[in-house]
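Visitor: I'd like a close look at one part of this protein, namely its salt bridges. Could you walk me through them slowly?

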Amino acid sequence: MVVKTIRLTPDGVKNFVNVASKCDFDIDVSYNRYIVDGKSFLGVYGLDFNRPLKVAYNGYNAEFEELLKALSVAC
């Protein structure tokens, strides 16, 4: 399981979900005790964008990795 920390904006949710939907593995996006499906627009859009989000997944997709690299935050 790979876990990365990212920052999303309301405008970036559509792109994130579009790229995540192309992956053939599950993607969970979470903060605190809230966990949503990374392929669900409404689920991701309902998160608090003022906080860093954790993305957990178990697979590889080059486009998804590039997106996560662009959205990542230093921890």
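Guide: Here is a tour of the salt bridges, starting with the chain they sit in. Keep in mind that this is a predicted model, and every value below is computed from it.

Let's set the scene. The chain has 3 helices and 4 strands, and if you follow the sequence from start to end, you meet them in the order β-α-β-β-α-β-α. Its radius of gyration is 11 Å, close to the 11 Å that the globule rule gives for 75 residues, so the chain is as compact as a globular protein of that length. Along the principal axes, the C-alpha atoms fill a box of roughly 25 × 25 × 20 Å. Of the 75 residues, 40% count as buried.

Now for the charges. The chain carries 9 positive and 9 negative ones, and the mean positions of the two sets lie 6 Å apart. Side chains of opposite charge can pair when their charged atoms come close. In this structure there are 4 salt bridges, and we'll visit some of them.

Start with K22 and E63, whose side chains meet in a salt bridge at 3.6 Å, N to O. This pair ties together distant parts of the chain: K22 belongs to the loop between α1 (13–21) and β2 (27–31), while E63 is in helix α3 (residues 62–71), and the two are 41 residues apart. K22 is exposed, with a relative accessible area of 55%, whereas E63 is partly exposed at 40%. Links across the sequence turn up in the contacts too: among those between residues at least 6 apart in sequence, 65% join residues at least 24 apart.

Stay in helix α3 for the next stop. E66 and K69 form a salt bridge of 3.9 Å, N to O. They are 3 residues apart in the helix, so about one helical turn separates them. K69 is exposed, with a relative accessible area of 58%. That 3.9 Å counts because the cut-off for a salt bridge is 4 Å.

Another stop is D48 with R51, where the closest N and O atoms are 3.0 Å apart. D48 is partly exposed, with a relative accessible area of 23%; since buried means under 20%, D48 doesn't count as buried. R51 is partly exposed as well, at 38%.

To finish, zoom out to the outside of the chain. Its accessible surface comes to about 4,700 Å², and 49% of that belongs to carbon and sulfur atoms.

Notes. Residues numbered from 1 in each chain as written. Predicted model: local features only at pLDDT ≥ 70, side-chain atom pairs only at ≥ 80, totals over all residues. Heavy atoms only, no water. Rg over C-alpha atoms; globule rule 2.2 N^0.38 Å. Buried < 20%, exposed > 50% of the residue type's maximum accessible area, 1.4 Å probe, protein only. Contact = heavy atoms within 4.5 Å. Areas by Shrake-Rupley, 256 points an atom, 1.4 Å probe, with all protein chains shown as cover. Lys, Arg positive; Asp, Glu negative; His and termini not counted. Charge placed at Lys NZ, Arg CZ, Asp CG, Glu CD.
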